[in-house]
Amino acid sequence: MRVYVTGNIAVDEIWSIPDIPTKGSSIHGNKTSQDIGGKGANQAILLSRCGIETTLVAAIGNDNNGKWIKEQMLAESLQLLPDTLFPCHSDTSIIFNSADGDNAIITTTTAADSLSLTGITQALSAAQPGDVLLQQGNFSVEKTRGLFAFAKARGMITVFNPSPVKAAFAELWSLVDIAVLNQHEAALLKPEGVKTLVVTHGSQGALLKAPDNEAFCRAIAVTAVDSTGAGDTFLAVMLASALLRHTEIDKLALTHASQAAAITVSRAGTYSAFPSISELTALLQN
């Protein structure tokens with residue numbers, strides 16, 4: 001089984017600020033680091049570190065950031081498609097981390113928007129029935145729908161993490177097997193008809209609703225340094241836990257995901273904060 005992650009890859013610029021600014025305010029900040037980011041890349045990297053065969057389908061620009069991204073990704077055991085660089089700026093996320101551990105994020109989608117539906121389906125041409133297609137909210141509603149329809153026609157399992165959220169994503173639930181949303185997204189999109197639903201409740205934990213299986217898993221208590229990437233860590237490790245055990249999403253999968261997310265939030269950065277292969281191997285064996 002292979003997981004195909006279609007989404008974005010970006011350069012994360014991380015800034016430390018006193019508090020999340022209100023509209024019209026001016027504040028001082030300090031750029032603390034630059035890292036690999038983008039929800040698609042984050043989730044693909046973590047899945048591959050868990051031992052899942054993973055293909056990331058994401059566009060990289062032909063600028064200096066794009067060349068740097070490609071060099072960094074060579075260290076990961078995943079397949080990155082397409083091989084070409086696109087004639088545009090690579091996507092960037094500016095992440096503001098406040099003193100209380102909260103964050104706000106601004107993300108560009110120029111490169112992600114340059115990757116056409118046809119280009120993505122070509123990258124998925126080797127997908128087999130039972131493989132997984134995982135999407136986030138960085139594509140348009142039309143492109144997201146087209147990819148899920150393609151996957152369902154191939155007999156793939158579809159997983160949706162609709163972030164950044166768009167109200168029209170509520171039209172897509174009939175094409176989704178597994179949905180992972182936070183409370184705000186769930187209230188807006190009202191997922192119905194999804195076989196397996198996971199709603200994250202931030203530092204409180206996560207709720208699983210599946211046929212004959214409903215469970216709440218409390219979050220692991222940890223001193224938060226930087227919450228960026230915690231949601232991506234949770235989703236990827238939850239999915240990997242179930243796939244490696246050849247089972248549906250269950251409470252153990254949520255427990256593994258919470259343990260991994262606790263590692264991420266206890267460290268600064270995004271890519272550099274993710275659990276290592278050895279950490280994930282040990283965690284998933286428990």
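Which side chains meet in a salt bridge at 3.0 Å, N to O? The answer comes further down, under the heading on salt bridges.

## The chain as a whole

Welcome to this structure, which is a predicted model. The chain has 9 helices and 13 strands. Its radius of gyration is 18 Å, close to the 19 Å that the globule rule gives for 286 residues, so the chain is as compact as a globular protein of that length. If you draw a box along the principal axes, the C-alpha atoms fill roughly 50 × 45 × 40 Å.

How much of the chain is buried? Of the 286 residues, 53% count as buried. The surface that the chain exposes comes to about 12,500 Å², and carbon and sulfur atoms supply 53% of that surface. Contacts also tell you how the chain folds back on itself: among those between residues at least 6 apart in sequence, 63% join residues at least 24 apart.

## A covered helix

Take a look at helix α1, which spans residues 39–49. This helix is mostly covered, with 11 of its 11 residues buried. Among them are hydrophobic-looking names you may know, such as A41, I45, L46 and L47, but K39, N42, Q43 and R49 are on the list of buried residues too.

Just after α1 comes G51, which takes a positive phi of about 95 degrees.

## Salt bridges across the sequence

A search of the whole structure finds 9 salt bridges. Now for the opening question: the side chains are those of K152 and D177, which meet at 3.0 Å, N to O. This pair links distant parts of the chain, with K152 in helix α5 and D177 in the loop between β9 and β10, 25 residues apart. K152 is partly exposed, with a relative accessible area of 33%. D177 has a relative accessible area of 18% and is buried, because the cut-off for buried is under 20%.

Another of the salt bridges joins the side chains of R49 and E76, at 2.8 Å from N to O. R49 lies in helix α1 and E76 in the loop between α2 (64–73) and β5 (79–81), so the pair ties together parts that are 27 residues apart in sequence. Are these two residues buried or exposed? R49 counts as buried at 12% relative accessibility, and E76 is buried with a relative accessible area of 10%.

## From strand to strand

E13 and K31 also meet through their side chains in a salt bridge, at 3.9 Å from N to O. E13 lies in strand β2 (residues 10–16) and K31 in strand β3 (residues 30–37), so the bridge ties together parts that are 18 residues apart in sequence. E13 counts as partly exposed at 22% relative accessibility, and K31 counts as partly exposed at 38%.

E13 turns up again among the contacts of T92, a residue of strand β6 (residues 91–97). Leaving aside its neighbours within four places in sequence, T92 is in contact with A10, V11, E13, N65, I106, T107 and T108. T92 itself is buried, with a relative accessible area of 18%.

## A cluster of rings

The count of aromatic pairs comes to 3. F148 and F160 form one that is edge-to-face, with 5.2 Å from centre to centre and 80 degrees between the planes. F148 lies in helix α5 (residues 141–153) and F160 in strand β9 (residues 157–160), so the pair ties together parts that are 12 residues apart in sequence. Both F148 and F160 are buried.

What kind of pair do F160 and W173 make? Their ring centres are 5.9 Å apart and their planes stand at 55 degrees, so this pair is tilted. F160 is in strand β9 and W173 in the loop between β9 and β10 (178–182), 13 residues apart. F160 has 0% relative accessibility, while W173 is buried with a relative accessible area of 4%. Ring pairs link F148, F160, F169 and W173 into a cluster.

A ring can also have a charge for company: K143 lies over the face of F139, at 4.7 Å from the ring centre.

Definitions and conventions
Residues numbered from 1 in each chain as written. Predicted model: local features only at pLDDT ≥ 70, side-chain atom pairs only at ≥ 80, totals over all residues. Heavy atoms only, no water. Phe/Tyr/Trp six-rings, centres within 6.5 Å; stacked < 30°, edge-to-face > 60°. Helix = DSSP H or I, 4+ residues; strand = E, 2+ residues; numbered from the N terminus. Buried < 20%, exposed > 50% of the residue type's maximum accessible area, 1.4 Å probe, protein only. Lys NZ or Arg CZ within 6 Å of the ring centre and 35° of its normal. Rg over C-alpha atoms; globule rule 2.2 N^0.38 Å. Contact = heavy atoms within 4.5 Å. Areas by Shrake-Rupley, 256 points an atom, 1.4 Å probe, with all protein chains shown as cover. Salt bridge = Lys/Arg side-chain N within 4 Å of Asp/Glu carboxyl O.
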